[in-house]
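Colleague: I've got this one open on my screen and I'm new to reading folds. Could you walk me through it?

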Amino acid sequence: VDLGDEELSGVALRWSWNLGRKTEMGVGAQLGKRRQSGLEDEVRRTSLDFQYEFSDTLSVSLEASRFDEDGVQSSEFDYTESQYRMFLSVRF
């Protein structure tokens, strides 16, 4: 939903390493500020992911991430979310 008075700014970084011919690991971080209706929040997201290719057509990815939102003026609506995801990819 488009919020006309919302503004989001920040920075995002991601590093990844090849741990072998078929294996990749990555870490990511995002830091930002969100302003809406005179309120300001700090938002942060960190993630760790791992991908393994079984073959040219089949791979699996695992990801763990955490999202935090902290109010600058008030902690009334502070929010934390953790996600753990697994993806199985098949290419035709």
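What follows is a short chat about the fold, the overall shape and one loop residue.

Modeller: Before we start, this is a predicted model, where local features need pLDDT of at least 70, side-chain atom pairs count only at pLDDT 80 or more, and totals for chains, interfaces and linings use all residues. Residues are numbered from 1 along each chain as its sequence is written, and side-chain values use heavy atoms, with hydrogens and water left out.

Colleague: Cool. What is the pattern of the protein along the sequence?

Modeller: Helices (H or I, at least four residues) and strands (E, at least two) are DSSP runs, numbered from the N terminus. Here there are zero helices and five strands. So, reading along the sequence with those runs in mind, you get the pattern β-β-β-β-β.

Colleague: How many bridges pair S1 with S2?

Modeller: Two strands pair if DSSP finds at least two bridges between them. S1 covers residues 6-18 and S2 covers residues 23-36. They form a hairpin with four residues between them, and Ser-9 has Lys-33 in S2 as its bridge partner. The two strands are antiparallel, and the number of bridges is 13.

Colleague: And which residue takes a positive phi in the hairpin of S2 and S3?

Modeller: S3 is residues 39-53, running antiparallel to S2 with 14 bridges. Gly-32 stands opposite Val-43 in S3. Two residues sit between the strands of this hairpin, and the one with a positive phi near 50° is Ser-37.

Colleague: What radius of gyration does the protein have, next to a compact globule of 92 residues?

Modeller: The radius is taken over C-alpha atoms, and the globule rule is 2.2 Å times the number of residues to the power 0.38. That puts a compact globule near 12 Å. The C-alpha atoms fill a box of roughly 50 × 25 × 20 Å along the principal axes. For the protein itself, the radius of gyration is 17 Å.

Colleague: How much of the protein counts as buried?

Modeller: Buried means under 20% relative accessible area, exposed over 50%, and partly exposed in between, with a 1.4 Å probe and protein chains only. Of the 92 residues, the buried share is 16%.

Colleague: Last one: is Phe-77 buried or exposed?

Modeller: Phe-77 lies in the loop between strand S4 (58-71) and strand S5 (79-90). Its C-alpha atom is 22 Å from that of Ala-29, 48 residues away along the chain. Because its relative accessibility is 65%, Phe-77 counts as exposed.
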